[in-house]
Each structure stands twice: as structure tokens, then as C-alpha cells.
Amino acid sequence: MPSPAAGVRTEPMTGAHADAVLAIYQAGIEEGNATFETSAPDWAAFTEARLPAHRYVATTEGRVAGWVAASAVSGRCVYAGVVEHSVYVHPAARGRGIGRRLLDALIASTEAAGIWTIQSGIFPENTASLALHQAAGFRVVGTRERIGRHHGRWRNVVMIERRSPVVLPVRQDRAQQPHAETQPVRAVDRPARRDSQRSGWVRAPRVHAALYFLGPHT
């Protein structure tokens, strides 16, 4: 029996895909749980904000069925290995494994480039996207409550990230404690420390980095 993603191929996103990419973006926006944005940008603004080496489209029968793209989170060199991503699938192409194929392509390209963290923000109502990202190795790191207004109502945003096991060395203290990340930390275990780079700002992940996906997750 063929896999759900049979006949799907991924390839680097180029200007030839512009109309289809922006149309899929706009479709996700209009459905209401993809992003705080209310309309897709033009191609010049879209492409300027995204890293050329880390953006892909998925095609079926020669048509663009979805896309994924990453953006830098900061211009500071210490955060050169951290990006945020967006992934969108055409409404008619959902449930076929396309979202996962796109995430896998992005993970492969970012790890090859030495990027150690991919992060994003997802509306909590977008449960299919959360499930997809969890299956692809992302974890929830927190929820920003009532962080922005969307069509007149306050929305929460779930923050997710994937830390590359290929690029980022495993901490030896946590290697001895498989469940360390899930254990509560007491205040006495977290002594205050000076931040020598306190004046630096890192942009928080944008919610439009989240997948908009209806129906069964891929």
C-alpha cells in the first residue's frame, strides 16, 4: 500500500513558486488559526524575510501543495544557530504527510548548516499542528498568554522548539538524568547570575511561524 506522501516531492523554493506560495499563505490566514497576520505580503517582502537556503515547497503532480521557510531570530552571532519557521499546507492537500515531509526537509537543511534550534509559535487551538511538530521532535517550552489581539480577541501562543541532537552536544549532567527536563526546579537550585549581554535583544518567535493544518495531522 503506498504511503500517504507517495507522489510528493520537495524542492527549494524559488520565485517560480511565488504565486502558489502566497496563495497558500493567504488561505491559511483566512481560516483563522495560522497567524496574527491579516493578509499575505508581496513576494519581495516575503522572500526578504526568509533565509534562501532554508525554504522549500512540496509539489504533487506539478502543483505546489505546501511550503516551509525559516527566518533568522537575531543578527547577533551568538544566535546564528537559531531560526524560526513557518509551514503551510494547501487545504486540499492536508492529511497526506506533506507537512511532515516539509519539516523533515527543513530539519535536514538546517542541521547541515550547523543550526541547532528551530523555534516557532502556534495558536493552542491548532492542535493538528502541535501534534505534527511533536511527532517531528519539537517540544513545548511554554505558553504566552493573551500575547496579542487577533480580530478583536486576545490569543495565547504556544512556544515550541526543536534542539538538534546532531549539532547540539548532549549535556552530560542531563545524560545521567533522562527526565531532568520534566523535573520541577526549586528556587534554591537557580542562583541569580549576571548577564553580561543583558543589553542585547532577541526577537520572540512570531506566531505566523506556525503551521495551519486542518484535519488529521501528517
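A residue is called buried here when its relative accessible area is under 20%. The model on display is predicted, and the tour below applies that term throughout.

**Overview**

Begin with the whole chain in a cartoon representation. The protein contains 5 helices and 7 strands, and their order along the sequence is β-α-α-β-β-β-α-β-α-β-β-α. Of its 218 residues, 41% count as buried.

**Stop 1: Tyr25 and its ring partners**

Select Tyr25 and display its side chain. With a relative accessible area of 2%, which is under 20%, Tyr25 is therefore buried. Next add Phe46, whose relative accessible area is 0%, so that Phe46 is buried as well.

A search for aromatic pairs over the whole structure returns 7 of them. In one of these, the ring centres of Tyr25 and Phe46 are 6.2 Å apart and the ring planes stand at 65°, so the pair is edge-to-face. This pair joins distant parts of the chain: Tyr25 belongs to helix α1 (residues 18-31) and Phe46 to helix α2 (residues 43-48), with their positions 21 residues apart in sequence.

Now add Trp67 to the selection. What is the arrangement of the rings of Tyr25 and Trp67? Their centres are 5.6 Å apart and their planes lie at 75°, so this pair is edge-to-face. Because Tyr25 lies in helix α1 and Trp67 in strand β3 (residues 63-72), the contact ties together parts of the chain that are 42 residues apart in sequence. Tyr25 and Trp67 are both buried.

To see the full group, extend the selection to Trp43 and Tyr88: ring pairs link Tyr25, Trp43, Phe46, Trp67 and Tyr88 into a cluster.

**Stop 2: Arginines over rings**

Keep Phe46 in view and select Arg50. Arg50 lies over the face of Phe46, at 4.0 Å from the ring centre. Then move to Phe123 and Arg155, where Arg155 lies over the face of the Phe123 ring, at 3.8 Å from its centre.

**Stop 3: The loop at Gly15**

Select Gly15, which is found in the loop between β1 (8-12) and α1. Is Gly15 buried or partly exposed? Its relative accessible area is 48%, so Gly15 is partly exposed. A C-alpha distance drawn from Gly15 to Thr47 reads 8.6 Å, although the two are 32 residues apart in sequence.

**Stop 4: Helix α3**

Select residues 98-112, which form helix α3. This helix has 15 residues and reaches 21 Å from its first C-alpha to its last, close to the 21 Å expected at 1.5 Å a residue. Colouring by accessibility will bring out its buried positions, which are Ile98, Gly99, Leu102, Leu103, Ala105, Leu106, Ile107, Ser109, Thr110 and Glu111.

Within α3, focus on Gly99. The relative accessible area of Gly99 is 0%, and the residue is therefore buried. The C-alpha atoms of Gly99 and Val87 are separated by 7.1 Å, and the two residues are 12 apart along the chain. Following the chain beyond α3 leads to Gly114, which has a positive phi near 85°.

**Stop 5: The crossing of α3 and α4**

Finally, display α3 together with helix α4 (residues 127-135). Two packed helices are described by the angle between their axes and the distance between the axes. The axes of α3 and α4 come within 10 Å and cross at roughly 45°. The helices α3 and α4 are therefore oblique to each other, and their crossing is right-handed.

How values were computed:
Residues numbered from 1 in each chain as written. Predicted model: local features only at pLDDT ≥ 70, side-chain atom pairs only at ≥ 80, totals over all residues. Heavy atoms only, no water. Helix = DSSP H or I, 4+ residues; strand = E, 2+ residues; numbered from the N terminus. Expected span 1.5 Å × (residues − 1). Buried < 20%, exposed > 50% of the residue type's maximum accessible area, 1.4 Å probe, protein only. Phe/Tyr/Trp six-rings, centres within 6.5 Å; stacked < 30°, edge-to-face > 60°. Lys NZ or Arg CZ within 6 Å of the ring centre and 35° of its normal. Axes fitted to C-alpha atoms, helices over the stretch in contact; angles between N-to-C directions. Parallel < 35°, antiparallel > 145°, perpendicular 65-115°, else oblique. Left-handed = near helix turned anticlockwise from the far one by under 90°.
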